[in-house]
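Me: I'd like to go through this model over a coffee, one question at a time. Can you keep the answers short and tell me how each call is made?

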Amino acid sequence: MTNKYHQRLGWLCLSVVIAETLLVILSWLLSAMRVEGVRSLLSSEGIRWFFSSFNNLIASPVLVGLLLLLCALGCLQKSRVADIFGGEKTINFRDRLALYVALAFLLIYVLIIALLTLMPHAILLSATGHLFPSAFSRSLVPIIAFGITLFSVAFGMMAGVMRNLSDILQALSFGIAKGAPLIVIFLFAAQLVGCLRFVFG
């Protein structure tokens, strides 16, 4: 299953690279045919744009959200709390206690977020008092990711799965390691979308 998953991701990554290569050729052909509103990626302007905007295209909120969610899901998996809900692990007294403590931490976290958003004139609301758009909506992915991470780490430490800071750090990086192919695909996809906007925008 894992090999098939990585193979599919590999084909997806290759497809994005091929699509970008075809876009470069197509932009050159359409530009040579004087098609209105089309800019060539092989022109001096296109080459300058590609090199100067490379960092800006990649450094997007989508990448930050992806990294945070991968960290959170890595913690969730390494804490083994998912095994309990999946029925793959027998629940003993320590696991039950760890689950109660983790849920208590999660409840406190949810209450804090609620106080920052649901109260009149709350800090995370917009100037007009709305949730969307607001500081809350712009930070929704980090809020969810931190909640999952807090729940997972609390459970992992109470259950004895995470015994020290090194274990927590490994859990945080585990998700990034597992999701590394998705990060690579995103890097190519971000470039493709940016190139499409440059050529036809």
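**Charges, rings and helices**

Reply: Let's start with a charged pair: R39 and E45 form a salt bridge, with 3.2 Å between the closest N and O atoms. The term needs a side-chain nitrogen of Lys or Arg within 4 Å of a carboxyl oxygen of Asp or Glu. One caution: this is a predicted model, where local features need pLDDT of at least 70, side-chain atom pairs count only at pLDDT 80 or more, and totals for chains, interfaces and linings use all residues. Residues are numbered from 1 along each chain as its sequence is written, and side-chain values use heavy atoms, with hydrogens and water left out.

Me: By this rule, what does the count of salt bridges come to?
Reply: Side chains of opposite charge can pair when their charged atoms come close. Going by that nitrogen-to-oxygen rule, the count is 1 salt bridge.

Me: Is R39 buried or exposed, or in between?
Reply: The scale is relative accessible area: buried is under 20%, exposed is over 50%, and partly exposed is in between (1.4 Å probe, protein chains only). E45, its salt-bridge partner, has 36% and is partly exposed. R39 has a relative accessibility of 31%, so the call is partly exposed.

Me: Over the face of which residue does R39 lie?
Reply: A charge sits over a ring if NZ of Lys or CZ of Arg is within 6 Å of the ring centre and within 35 degrees of the ring normal. K78 meets this over F174, at 5.0 Å from the ring centre. R39 does it at 4.2 Å from the ring centre, and the ring belongs to F198.

Me: How many aromatic pairs does the structure hold?
Reply: Rings of Phe, Tyr and Trp (its six-membered ring) pair if their centres lie within 6.5 Å; planes under 30 degrees apart are stacked, over 60 edge-to-face, and the rest tilted. On that basis the structure holds 5 aromatic pairs.

Me: What type of pair do W49 and F198 form?
Reply: A pair of aromatic rings is described by the distance of the centres and the angle of the planes. For W49 and F198 the centres are 4.6 Å apart and the planes differ by 20 degrees, which makes the pair stacked.

Me: How many residues apart in sequence are the parts that this pair ties together?
Reply: Helices (H or I, at least four residues) and strands (E, at least two) are DSSP runs, numbered from the N terminus. W49 lies in helix α2 (residues 44-58) and F198 in helix α9 (residues 180-200). F198 is buried, at 4% relative accessible area. Since the two rings sit in those two helices, the parts they tie together are 149 residues apart in sequence.

Me: Which residues form one aromatic cluster?
Reply: F50 is partly exposed at 27% relative accessibility, whereas F51 is exposed at 66%. The cluster consists of F50, F51 and F54.

Me: Which residues does V16 contact, leaving aside neighbours within four places in sequence?
Reply: V16 is in helix α1 and is buried, with a relative accessible area of 11%. Its C-alpha is 6.3 Å from that of A189, although the two are 173 residues apart in sequence. Taking contact as heavy atoms within 4.5 Å, V16 touches F188, A189 and L192.

Me: Which residues does the cis peptide bond join?
Reply: Look in the loop between α5 (93-117) and α6 (135-138), where P133 sits. Omega is about -5 degrees there, and the bond joins F132 and P133.

Me: What is phi of R34 near?
Reply: R34 sits in the loop between α1 (2-32) and α2, and is exposed, with a relative accessible area of 74%. Its phi is positive in a residue other than glycine, near 60 degrees.

Me: What is the radius of gyration of the protein?
Reply: There are 9 helices and 0 strands in the protein. The radius is taken over C-alpha atoms, and the globule rule is 2.2 Å times the number of residues to the power 0.38. That rule gives 17 Å for 201 residues, and the protein is well over this, so it is more spread out than a compact globule, with a radius of gyration of 23 Å.
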